[in-house]
Amino acid sequence: MTSHIGNALAKQAFSAAFDGGSLHHAWLFAGPEGVGKATFAMLAARRILAGPGQPDDYAIPPGDRTQQLIDAGSHPDFKKLERLPKDEKKPDQGLARSITVTQVRAIEPFFSVKPTFSDRRVVVIDSADDLERNGANALLKNLEEPPAGTVFLLVSHAPGRLLPTIRSRCRLLRFEPLDDADMRAALVDAGAKPGEIDDLVRVGQGSPAQALAMAGLDIAGLDQALGELARGDPSNATRAELAGKLSLKAAQPRYEAFLDRAPRFIAAQARVRTGEALRTALDAHDAARNLAASALGLSLDAQGTVFEMGGIVATLAAHR
């Protein structure tokens, strides 16, 4: 993480507050998931802790000591609240469902001492949407009576779900989906393969994180298969072949991408339809979305799931 691409207006607003000496004690970075809110929160935290004289583009100077301490988790003036592993001994087996009240209360001692290396302390919460109810109430107490010299940076993908009292005590900074030019720049910066970038821009829908999650999965091939199914599959040959390929253990990432792409593909079809054809597409979208939502959570059989999803997509051929 050495730079931040896109959302220039949001960055300018934060820089103006920082450089003008009017930095609010709590900020809410809100917008769609994957557009760079959390990345910017970390860069903003480094800028606050490093003090004046930082690059306007939030680039991190080589060998920057502040960043090294943050990366090592040892900066005495920085805390980050996020979901922890379900089992700390098995961090690869998933994260807890929420940021707990215990985690929020555990940073209280942090506020009782003066900043060590910086003029301020910074707390990043990624994301505030993950706070359990009691945790949100515990945080609210700190926002209502902010500890001196502390800046809270809250990341939120759905700010409407936060406590209104939390929202009211934060300065809102909106982040928007990236345009195609910024998407390409972000993907190049992230090391995406040149031959994939156009497809990743298309499927990313302004979210570099969403696009990068699809890298290397031949999304163009999946979309081509969905297009063939939407034109009809009376013999079931197309979906049977696709189900066989995507049910292999090595194909798990591509299987998950297919579950993501199918409802999106149907939604795109619905947007250009009218009358009975639109009704067919809307019904198919509901069915596809429900199947995709339950497939992974319920560990449904991959081959059967892909075959069923293919059948849903194929219903689009009934009214075109």
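Reader: At what angle do the axes of helix 12 and helix 13 cross?

Author: Helices are DSSP runs of H or I, at least four residues, and strands are E runs of at least two, numbered from the N terminus. Axes are lines fitted to C-alpha atoms, for helices over the stretch in contact, and angles run from 0 to 180 degrees between N-to-C directions. Helix 12 covers residues 252–270 and helix 13 residues 275–297. Their axes come within 8 Å and cross at roughly 160°.

Reader: What kind of model is this?

Author: Residues are numbered from 1 along each chain as its sequence is written, and side-chain values use heavy atoms, with hydrogens and water left out. Local features need pLDDT of at least 70, side-chain atom pairs count only at pLDDT 80 or more, and totals for chains, interfaces and linings use all residues, for this is a predicted model.

Reader: How are helix 12 and helix 13 oriented to each other?

Author: Angles under 35 degrees count as roughly parallel, over 145 as roughly antiparallel, 65 to 115 as roughly perpendicular and the rest as oblique. The axes cross at roughly 160°. Helix 12 and helix 13 are therefore roughly antiparallel.

Reader: How many nonpolar residues does the contact of helix 12 with helix 13 have?

Author: Contact means heavy atoms within 4.5 Å. Leu259 and Ile266 are among the helix 12 residues that meet helix 13, whose side includes Leu282 and Ala288. Ala, Val, Leu, Ile, Met, Phe, Trp, Tyr, Cys and Pro count as nonpolar, Asp, Glu, Lys and Arg as charged, and the others, Gly among them, as polar. Besides two polar and two charged residues, the nonpolar count is 14.

Reader: Which geometry does the ring pair of Phe40 and Tyr58 have?

Author: The structure holds nine aromatic pairs. Rings of Phe, Tyr and Trp (its six-membered ring) pair if their centres lie within 6.5 Å; planes under 30 degrees apart count as stacked, over 60 as edge-to-face and the rest as tilted. Here the centres are 4.9 Å apart and the planes at 65°, so the pair is edge-to-face.

Reader: Is Phe40 buried or exposed?

Author: Buried means under 20% relative accessible area, exposed over 50%, partly exposed in between (1.4 Å probe, protein chains only). Phe40 has 0% relative accessibility, so the residue counts as buried.

Reader: How far apart in sequence are Phe40 and Phe175?

Author: Their ring centres are 5.8 Å apart and their planes at 50°, so the pair is tilted. Phe40 lies in helix 2, and Phe175 in the loop between strand 5 (171–174) and helix 7 (180–189). The separation is 135 residues.
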